[in-house]
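Me: Could you walk me through reading a metal site and some cysteines? I'd like the general idea, then the case at hand.

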Amino acid sequence: MLVLAIETSCDETAAAVVRDGREILSSIVSSQIAVHAEYGGVVPEIASRKHLEAIVPVITQALREAGVELSAIEGVVVTRGPGLSGALLVGFSVARALAFACGIPIIGVHHIEGHIFASFLEKPVEFPFLALVVSGGHTHLYQVEGFGCYTTLGRTIDDAAGEAFDKSGKIMGLAYPAGARIDALARGGDAAAVHLPRPMIHDGTLRFSFSGLKTALMQHVAKHPVTIPGQAASDLCASFQQAVCDVLESKTRAALQQSGAVRLVVAGGVACNSGVRSTMARLARQQGIELHIPSPALCGDNAAMLAVAGNHYLARGLVSSPDQDVTATWEMDRVKEIFRE
Ligand code: KG4
Ligand code: ZN
């Protein structure tokens, strides 16, 4: 079964052609980062307009690179939410129009559901498993029992991990988004050089909080300004990254114990982080569990990741109603509500 997948929830216009929810025939990601970097973050109105500019060329390129005619596509999978409403509407409208014109179903999936199943494009994971999703908008722990069966075990009460990276980078004078830059600078730094808090690490819950960490970093920079590049900046980046990793490790360990999971999936843009990857690898070794983290290209926003769940639903006749709308907020526990059998 061949599906076309479309993702426009934030600042990446992406399209992919995927066979049987497994084989990526093409995956095109057109990033708007350079445009938003000037403003220090994503400007929703600009994001929508840039999606409109890019969406048809990106889909055309995805079909061309896959060597597939539109007439061979059996379903259109698209991010229905959560995300920026105006951005989601561009991808969703195009998906609906294509599905209508081709007489094929549309399958609206949850963006985080996409991230969680990105690993499956490299190696299928047996259910049940624990998923840690760390992205620009999410820091969530889910118990995953199957496609569409997700229970939220823990989440951030303020900033997401990626947001903490981006805001802290901005305080240090790094361009948006700062996550990958902090990661690179941290490689030459001493993680014990600057003492930073690990918010809520020992509170006995599976809740995360990162805003206090960002504030502590801001107070440190006010007293000790950093020059980039430089040893002080590298030390600060390494110390910050270590604090984030310590919290992620502690909460994930607790969630593994609580759920009894023997498989862990780590997903989302922050799963590209070298510290997060090595921390989770060590945790998995210590706990004797299976670990699945997608290759970096599949961790960040892309459309191919949507096709895994999309293909599963399509194969079972679980498709969205043709008058389905997008949703800026959408709880994972309610993902199944949109399907009509
Ligand atoms: O999943 P994603 O592409 O988009 C969202 O759904 O949010 O995640 C983007 C986030 C940004 O906050 C970005 O700074 C962060 O992922 N990120 C990283 C790294 N690469 C991307 N954070 C830390 N280290 C990285 N190497
Ligand atoms: Zn994402």
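Reply: Sure. This is a predicted model, where local features need pLDDT of at least 70, side-chain atom pairs count only at pLDDT 80 or more, and totals for chains, interfaces and linings use all residues. Residues are numbered from 1 along each chain as its sequence is written, chains are lettered from A and ligands numbered from 1 in the order in which they are written, and side-chain values use heavy atoms, leaving out hydrogens and water.

Me: Which protein donors hold the zinc ion (ligand 2)?

Reply: Donors are N, O and S atoms within 2.8 Å of the metal (3.2 Å for Na, K and Ca); water is not among the atoms, so sites may look incomplete. Here the protein donors are His-111 (NE2), His-115 (NE2) and Asp-301 (OD), 2.0 to 2.1 Å from the zinc ion. Their spacing along the chain reads H-x3-H-x185-D. His-111 sits in helix H4 (residues 111-117) and Asp-301 in the loop between helix H10 (296-299) and helix H11 (306-315), so this pair ties together parts 190 residues apart in sequence. Helices are DSSP runs of H or I with at least four residues, numbered from the N terminus.

Me: Are His-111 and Asp-301 buried or exposed?

Reply: Buried means under 20% relative accessible area, exposed over 50%, partly exposed in between (1.4 Å probe, protein chains only). His-111 is buried at 7%, and Asp-301 is buried at 18%.

Me: How many disulfides are there?

Reply: A disulfide is a pair of cysteine sulfur atoms within 2.5 Å. The structure has zero. For Cys-10, the closest cysteine sulfur, in Cys-272, is 15 Å away, too far for a bond. Cys-272 is in no disulfide either, with the nearest cysteine sulfur, that of Cys-299, 4.5 Å away.

Definitions and conventions: Helix = DSSP H or I, 4+ residues; strand = E, 2+ residues; numbered from the N terminus.
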